[in-house]
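Grab a pencil and have a go at a few exercises on the structure shown here. Try each task before you read its solution.

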Amino acid sequence: MSNSADTFLHINNFFDAYAQALEQYDTKGLAWHYMLPCTLLADENQTVFTEASKLEGFFNQGATFYKQYGIAHARPTVWSKRQWTDKIAKTRVNWQFYDANNKPLYNCDYQYILKLDKNDDWKIVLSVSVNEKERMESWLLQQGKQ
């Protein structure tokens with residue numbers, strides 16, 4: 001990556017592609033966005049994935065949930081990007097989820113540590129769910145679905 005403007009554009013494009021995989025329930029595509037091993041971290045748990053197939057299985061569970069509750073669109077807003085080194089960046093992203101009619105359902109915040117792989121593609125090495133569980137549970141409660 002030559003300059004920070006290119007880097008930041010590349011990171012925005014990365015999350016747009018991630019959202020597209022999410023909307024298509026493409027578990028292989030989602031897993032492609034991660035560098036193995038990777039860690040998914042939340043208040044309730046910490047999971048380290050060392051195999052793509054296990055990570056895809058985890059995303060399969062999420063895709064099933066999204067389909068069941070009519071989550072059809074995901075829009076990432078990258079709030080901040082900070083390059084720590086030439087190959088490592090920290091990002092804050094707000095995810096907004098919508099139904100098939102683009103009605104807002106819920107939103108949540110994540111922080112990510114990204115690292116450039118040998119092909120100069122950004123990959124997630126650490127994904128921190130800041131408040132998805134609470135926001136999702138609140139939304140489900142409002143829908144009477146929990």
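The exercises below work through helices, ring pairs, charges over rings and cysteines in this predicted model.

**Exercise 1. Work out whether the span of helix 4 (residues 132-143) fits its twelve residues.**

Solution. Start with the expectation: at 1.5 Å a residue, the twelve residues of helix 4 should span 16 Å. Now check the model, where the end C-alpha atoms of helix 4 are 16 Å apart, so the two values agree. Right after helix 4 comes Gly144, with a positive phi near 70 degrees.

**Exercise 2. Find which residues of helix 4 are buried, and where they lie around the axis.**

Solution. First, pick out the buried ones: Glu132, Met136, Trp139 and Leu140. Next, look down the axis: these residues cover an arc of only 100 degrees, which puts them on the same side of helix 4. The general rule helps here: an α-helix has 3.6 residues a turn, so residues three or four places apart point the same way. Then flip to the other side of helix 4, where Leu141 and Gln142 are exposed. Last, see what covers the buried residues of helix 4: the cover includes helix 3, strand 4 (88-98), strand 5 (104-116) and strand 6 (122-129).

**Exercise 3. Describe helix 3 (residues 52-68): its span, its buried residues and what comes just after it.**

Solution. Helix 3 has 17 residues, and from first C-alpha to last it reaches 24 Å, close to the expected 24 Å. Its buried residues are Leu55, Glu56, Phe59, Ala63, Phe65 and Tyr66. Just past the end of helix 3, Gly70 has a positive phi of about 75 degrees.

**Exercise 4. How many aromatic pairs does a search of the whole structure find, and how do the rings of Tyr18 and Tyr34 sit?**

Solution. The search turns up 16 aromatic pairs. For Tyr18 and Tyr34, the ring centres are 6.0 Å apart and the planes meet at 55 degrees, so the pair is tilted. Place the partners on the chain: Tyr18 belongs to helix 1 (residues 4-23) and Tyr34 to strand 1 (residues 34-41), 16 residues apart. Then check burial, for which the cut-off is under 20% relative accessible area. Tyr18 is at 5% relative accessibility, so Tyr18 counts as buried. Tyr34 is at 7%, so Tyr34 counts as buried too.

**Exercise 5. Classify the pair formed by Tyr69 and Trp139.**

Solution. The centres lie 6.3 Å apart and the planes are at 75 degrees, and the pair is edge-to-face. Tyr69 is in the loop between helix 3 and strand 3 (73-83), while Trp139 is in helix 4, 70 residues apart, and the pair links distant parts of the chain. Both residues, Tyr69 and Trp139, are buried.

**Exercise 6. Which rings have the charged end of Arg75 or Lys123 over them?**

Solution. Take Arg75 to begin with: its charged end sits over the ring of Tyr98, 4.9 Å from the ring centre. Then take Lys123, which lies over the face of Trp32 at 3.1 Å from the ring centre.

**Exercise 7. Count the disulfides.**

Solution. The cut-off is 2.5 Å between cysteine sulfur atoms, and the count is zero. For Cys38, the nearest cysteine sulfur is that of Cys108, 17 Å away, and Cys38 is in no disulfide. Cys108 is in no disulfide either. As for burial, Cys38 counts as buried because its relative accessibility is 0%, and Cys108 is buried with a relative accessible area of 0%.

Notes: Residues numbered from 1 in each chain as written. Predicted model: local features only at pLDDT ≥ 70, side-chain atom pairs only at ≥ 80, totals over all residues. Heavy atoms only, no water. Helix = DSSP H or I, 4+ residues; strand = E, 2+ residues; numbered from the N terminus. Expected span 1.5 Å × (residues − 1). Buried < 20%, exposed > 50% of the residue type's maximum accessible area, 1.4 Å probe, protein only. Arc of directions from axis to C-beta. Contact = heavy atoms within 4.5 Å. Phe/Tyr/Trp six-rings, centres within 6.5 Å; stacked < 30°, edge-to-face > 60°. Lys NZ or Arg CZ within 6 Å of the ring centre and 35° of its normal.
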